[in-house]
Amino acid sequence: IRADETITQATIIDGVQITAGNADLNGIFSDQTGGGAYIFTGAPSFIDCTFHGNAAEFGGAVLVDNANPTFTDCIFENNLGEFGGAIYVYNMSSPVLERITVTGNDAELGGGIYSTQSTPTIINSIFRGNTATLGGAAYDSNEAAPEYTNCIFQGNSAELGGAFYCNTTSTGAVINCSIQGNLASVEGGGV
């Protein structure tokens with residue numbers, strides 16, 4: 001799926017399964033983006049969708065670029081990316097992700113979600129069993145300011161930051177979240 005500025009929140013994508021999408025057209029991760037969906041300046045609404053087994057260098061399942069989509073009651077499972085196993089958010093994007101389940105995804109940075117220069121809002125969501133070198137569930141960098149509210153981070157793993165890895169230029173908030181049973185092989189089991 002590709003969404004651009006002509007796609008507004010009035011565009012509803014409901015109950016769709018996106019499986020085995022591969023943005024890797026020229027070999028192993030050749031700078032390809034959004035294995036299942038690439039959202040550029042658009043604002044579609046995804047409801048009750050499943051992203052399973054997709055792959056891309058940036059955003060194994062979804063890449064959000066200067067866009068404001070919403071994802072409600074969606075599942076992101078077993079996706080693979082170099083940056084953002086499931087989701088990559090950047091370039092002034094402000095997506096809203098509510099009641100999503102992010103499980104079993106893998107990346108070098110941000111097994112579940114990678115945020116940079118963006119302000120995603122994540123509400124009532126579950127990040128479980130994701131893996132990465134840095135930030136098993138989430139990796140926040142370069143002035144990212146995500147807000148996680150009422151979320152569960154459980155059983156994620158990484159070398160650094162089992163649940164979260166935040167670099168020095170990122171800010172954000174973790175409000176009323178449960179961070180339990182995450183593992184870091186070097187340091188920062190939770191954060």
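**Surroundings of Ser125, Ile179 and Thr6**

Apart from neighbours within four places in sequence, Ser125 is in contact with Leu97, Glu98, Arg99, Ile100, Asn150, Cys151 and Ile152. The model is predicted. Ser125 lies in the loop that joins strand 17 (121-123) to strand 18 (126-128). The relative accessible area of Ser125 is 1%, and this residue is therefore classed as buried, the cut-off being under 20%. Ile100, one of the residues in contact with Ser125, also takes part in a polar contact: its backbone nitrogen is reached by the side chain of Ser125 at 3.1 Å.

Ile179 belongs to strand 26, which spans residues 178-180. With a relative accessible area of 37%, Ile179 is partly exposed, because this value falls between the 20% limit for buried residues and the 50% limit for exposed ones. When residues up to four places away in sequence are not counted, Ile179 touches Phe153, Ala163, Phe164, Val174 and Gly190. For one of these, Phe164, the separation from Ile179 is 15 residues in sequence, and the C-alpha to C-alpha distance is 9.6 Å.

Thr6 is located in the loop between strand 1 (2-3) and strand 2 (12-14). The relative accessible area of Thr6 is 57%, so this residue counts as exposed, for which a value over 50% is required. Thr6 and Thr41 are separated by 35 residues in sequence, while their C-alpha atoms are 8.4 Å apart in space.

In summary, Ser125 is buried, Ile179 is partly exposed and Thr6 is exposed. Ser125 and Thr6 are loop residues, whereas Ile179 is found in a strand.

Notes:
Residues numbered from 1 in each chain as written. Predicted model: local features only at pLDDT ≥ 70, side-chain atom pairs only at ≥ 80, totals over all residues. Heavy atoms only, no water. Helix = DSSP H or I, 4+ residues; strand = E, 2+ residues; numbered from the N terminus. Buried < 20%, exposed > 50% of the residue type's maximum accessible area, 1.4 Å probe, protein only. Polar contact = N/O pair within 3.5 Å; in protein donor to acceptor, adjacent residues only side chain to side chain. Contact = heavy atoms within 4.5 Å.
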